[in-house]
Amino acid sequence: MIEKWIELPDGSQKCFDVRIYPIHDRSVEKTYVVKMGFDITDRKLASDKQSQYMEALEISLKRFEKNQSHSTNSTKSKNRFNLTKRETEVIRLVSEGLSNSEISGQLLISPHTVKTHVTHILNKIGVADRTQAAVLAARLGII
């Protein structure tokens with residue numbers, strides 16, 4: 001089995017999982033080969049994107065940890081970003097995997113307000129997305 005990128009006539013590329021199976025006749029005098037290719041382009045691109053995302057997340061967290069003060073006081077860490085009580089509630093729900101509309105239902109606020117809180121949280125703690133925010137909040141004991 002091999003992965004192989006193939007350039008198509010239109011200039012685009014596709015990734016195939018190519019598998020080769022030998023088939024012998026009953027007398028074992030002749031061997032035939034069946035070569036099958038499965039288009040795995042979408043899966044390969046998604047996997048590459050996820051790997052890049054995870055690398056960026058690790059770099060971001062390492063950079064944060066490097067710049068973080070060496071204080072062991074968890075209250076100081078929690079207050080470090082000046083998150084409001086509501087923002088802390090929102091990041092807790094984000095870390096549980098809830099969508100903005102699900103969070104709005106639980107907190108009885110509009111989805112637009114949730115979106116605003118999430119934007120403020122991302123800006124305050126200096127991360128690019130909800131996943132990074134949830135991971136960082138968990139590491140720091142904010143949630």
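A residue counts as buried when its relative accessible area is under 20%, as exposed when that value is over 50%, and as partly exposed in between. Keep this rule at hand for the exercises below, and remember that the model is predicted.

**Exercise 1: An acidic residue in a strand**

Find D17 in the structure and decide whether D17 is buried or exposed.

*Solution.*
- Step 1: Locate the residue. D17 sits in strand β2.
- Step 2: Apply the rule. The relative accessibility of D17 is 6%, so D17 counts as buried because buried means under 20%.
- Step 3: Look at the surroundings. Leaving aside residues up to four places away in sequence, D17 touches M1, I2, M36, G37, F38, I40 and R43.
- Step 4: Check for a polar partner. The side chains of D17 and R19 are joined by a polar contact of 2.9 Å.

**Exercise 2: The start of a helix**

Work out which backbone atom lies 2.7 Å from a polar side-chain atom of T41.

*Solution.*
- Step 1: Place the residue. T41 belongs to helix α1, which covers residues 41–67.
- Step 2: Judge the exposure. With 6% relative accessibility, T41 counts as buried.
- Step 3: List the neighbours. Not counting residues up to four places away in sequence, T41 touches W5, Q13, K14 and C15.
- Step 4: Pick out the partner. The atom we want is the backbone nitrogen of C15, 2.7 Å from a polar atom of the T41 side chain.

**Exercise 3: A nonpolar patch**

Name the residues that form the nonpolar patch on the surface, and find which strand gives the most to this patch.

*Solution.*
- Step 1: Collect the members. The patch is formed by Y21, I23, Y32, V34, M36 and F38, and together they have about 510 Å² of accessible area.
- Step 2: Match members to strands. Both β2 (13–24) and β3 (31–39) supply at least two residues each.
- Step 3: Find the main contributor. Strand β3 gives the most, with 4 residues.
- Step 4: Test one member. F38 lies in β3, and F38 is partly exposed at a relative accessible area of 36%. You met F38 in Exercise 1, as one of the residues that D17 touches.

**Exercise 4: A salt bridge across the sequence**

Describe the salt bridge between K44 and E3, and explain which parts of the protein this pair ties together.

*Solution.*
- Step 1: Recall the idea. Side chains of opposite charge can pair when their charged atoms come close.
- Step 2: Check the distance. In the salt bridge of K44 with E3, the closest N and O atoms are 3.0 Å apart.
- Step 3: Place both ends. K44 is in helix α1 and E3 is in strand β1 (residues 2–7), so the pair ties together parts that are 41 residues apart in sequence.
- Step 4: Compare with the rule. K44 is partly exposed at 22%, and E3 is partly exposed at 49%.
- Step 5: Set the pair in context. The protein's count comes to 6 salt bridges.

**Exercise 5: The faces of helix α3**

Say which residues of helix α3 are buried, and where they fall around the helix axis.

*Solution.*
- Step 1: List them. In α3 (residues 85–95), the buried residues are E87, V90, I91, L93 and V94.
- Step 2: Look down the axis. These buried residues fall within an arc of 160°, so they line one face of α3.
- Step 3: Use the geometry. An α-helix has 3.6 residues a turn, so residues three or four places apart point the same way.
- Step 4: Find what the buried residues pack against. Their partners are α4 (100–107), α5 (111–125) and α6 (130–140).
- Step 5: Turn to a charged pair. E89 and R86 meet in a salt bridge, at 3.3 Å from N to O. They are 3 residues apart in α3, a separation of about one helical turn. E89 is partly exposed at 25%, and R86 is partly exposed at 29%.
- Step 6: Inspect the helix end. Just after α3, G97 takes a positive phi of about 90°.

**Exercise 6: The whole protein**

Count the helices and strands, and give their pattern along the sequence.

*Solution.*
- Step 1: Count. There are 6 helices and 3 strands.
- Step 2: Read along the sequence. The pattern is β-β-β-α-α-α-α-α-α.
- Step 3: Consider burial. Of the 143 residues, 27% count as buried.
- Step 4: Consider the surface. The accessible surface comes to about 10,100 Å², and 53% of this belongs to carbon and sulfur atoms.

Methods. Residues are numbered from 1 along each chain as its sequence is written. This is a predicted model: local features need pLDDT of at least 70, side-chain atom pairs count only at pLDDT 80 or more; totals for chains, interfaces and linings use all residues. Side-chain values use heavy atoms; hydrogens and water are left out. Patches are made of residues with over 30% relative accessible area and no salt bridge: like charges are joined within 9 Å, nonpolar side chains (Val, Leu, Ile, Met, Phe, Trp, Tyr) within 5 Å. Accessible areas come from the Shrake-Rupley method with a 1.4 Å probe; for residues, only the protein chains shown count as cover. A salt bridge is a side-chain nitrogen of Lys or Arg within 4 Å of a carboxyl oxygen of Asp or Glu. Buried means under 20% relative accessible area, exposed over 50%, partly exposed in between (1.4 Å probe, protein chains only). A polar contact is a pair of N or O atoms within 3.5 Å; within protein, one must be able to donate a hydrogen and the other to accept it, and residues adjacent in sequence count only if both atoms are side-chain atoms. Contact means heavy atoms within 4.5 Å. The arc is that of the directions from the helix axis to the C-beta atoms.
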